[in-house]
Amino acid sequence: MKKQLSRALLVVMALSLALSLAACGKKSLEDAVNNDKEIQSSIEELKTAAAAQNMTIDVYAEGDALHYDYILPLTVTAEELETALPQLQVMADSLKESLQGLANDLKGEVSNSTVKIVVTFYDEAKTELLTTEIEAE
């Protein structure tokens, strides 16, 4: 699971630069992410890369939040989640600095007064494993 999540996190970062560069023009976050052709193209590339790792990802903006929803190709029992949760949290914590930078960059590029990044990992049964939320400063 750790190897899959590491790859997932790298994929998040690959799209981060594209979004921060392409979201110019002071559109709302939702408008920039959901309607900009360049960003949608990057999202499609991200989905393809995730599929190559047997994962599914949905990237969308809703209000002030940019969401990355990953569905991992595994089913996690309650006992397994209890064991895996500390590892997932360490990985999420290691992402916070990069996500904070992305949130801050996006806030400067869009018209929203608040911007946050929400990354959620699900198992294939759509059981939420972990959510990390970072708000721009």
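**Close-up 1. Asp93 and its partner Lys96 in helix 4 of the predicted model.** Let us start with Asp93, which counts as partly exposed because its relative accessibility is 39%. Asp93 pairs with Lys96 in a salt bridge, and 3.4 Å separates the closest N and O atoms. Lys96 is also partly exposed, since its relative accessible area is 34%. Both residues belong to helix 4, which spans residues 78-109. They sit 3 residues apart in that helix, about one turn. Side chains of opposite charge can pair when their charged atoms come close.

**Close-up 2. A salt bridge between strands, from Glu133 to Lys116.** Here the side chains of Glu133 and Lys116 meet, with an N to O distance of 3.5 Å. This pair links distant parts of the chain, with the two positions 17 residues apart in numbering. Glu133 comes from strand 4 (residues 128-135), while Lys116 comes from strand 3 (residues 116-122). How accessible is Glu133? Its relative accessible area is 47%, so Glu133 is partly exposed. Lys116 is partly exposed as well, because its relative accessible area is 26%.

**Close-up 3. Lys47 and Glu44 within helix 3.** Take a look at helix 3, residues 37-52, where Lys47 and Glu44 lie 3 residues apart, or about one turn of the helix. The two form a salt bridge, and their closest N and O atoms are 3.9 Å apart. That distance falls inside the 4 Å cut-off, so the pair counts as a salt bridge. Glu44 is partly exposed because its relative accessibility is 42%. For Lys47 the relative accessibility is 29%, so this residue is partly exposed too. By the rule used here, the count for the model comes to 3 salt bridges.

**Close-up 4. His67 and its surroundings in strand 2.** For the last view, we turn to a histidine, His67, in the strand formed by residues 65-71. Is His67 buried or exposed? With a relative accessible area of 12%, His67 is buried, because buried means under 20%. Which residues touch His67, once its neighbours within four places in sequence are left aside? The contacts are Asp58, Val59, Tyr60, Glu62 and Val118. One of these, Val118, has a number that falls within strand 3 (residues 116-122), the strand that also holds Lys116 from the second view.

Note on methods. Residues numbered from 1 in each chain as written. Predicted model: local features only at pLDDT ≥ 70, side-chain atom pairs only at ≥ 80, totals over all residues. Heavy atoms only, no water. Helix = DSSP H or I, 4+ residues; strand = E, 2+ residues; numbered from the N terminus. Buried < 20%, exposed > 50% of the residue type's maximum accessible area, 1.4 Å probe, protein only. Contact = heavy atoms within 4.5 Å.
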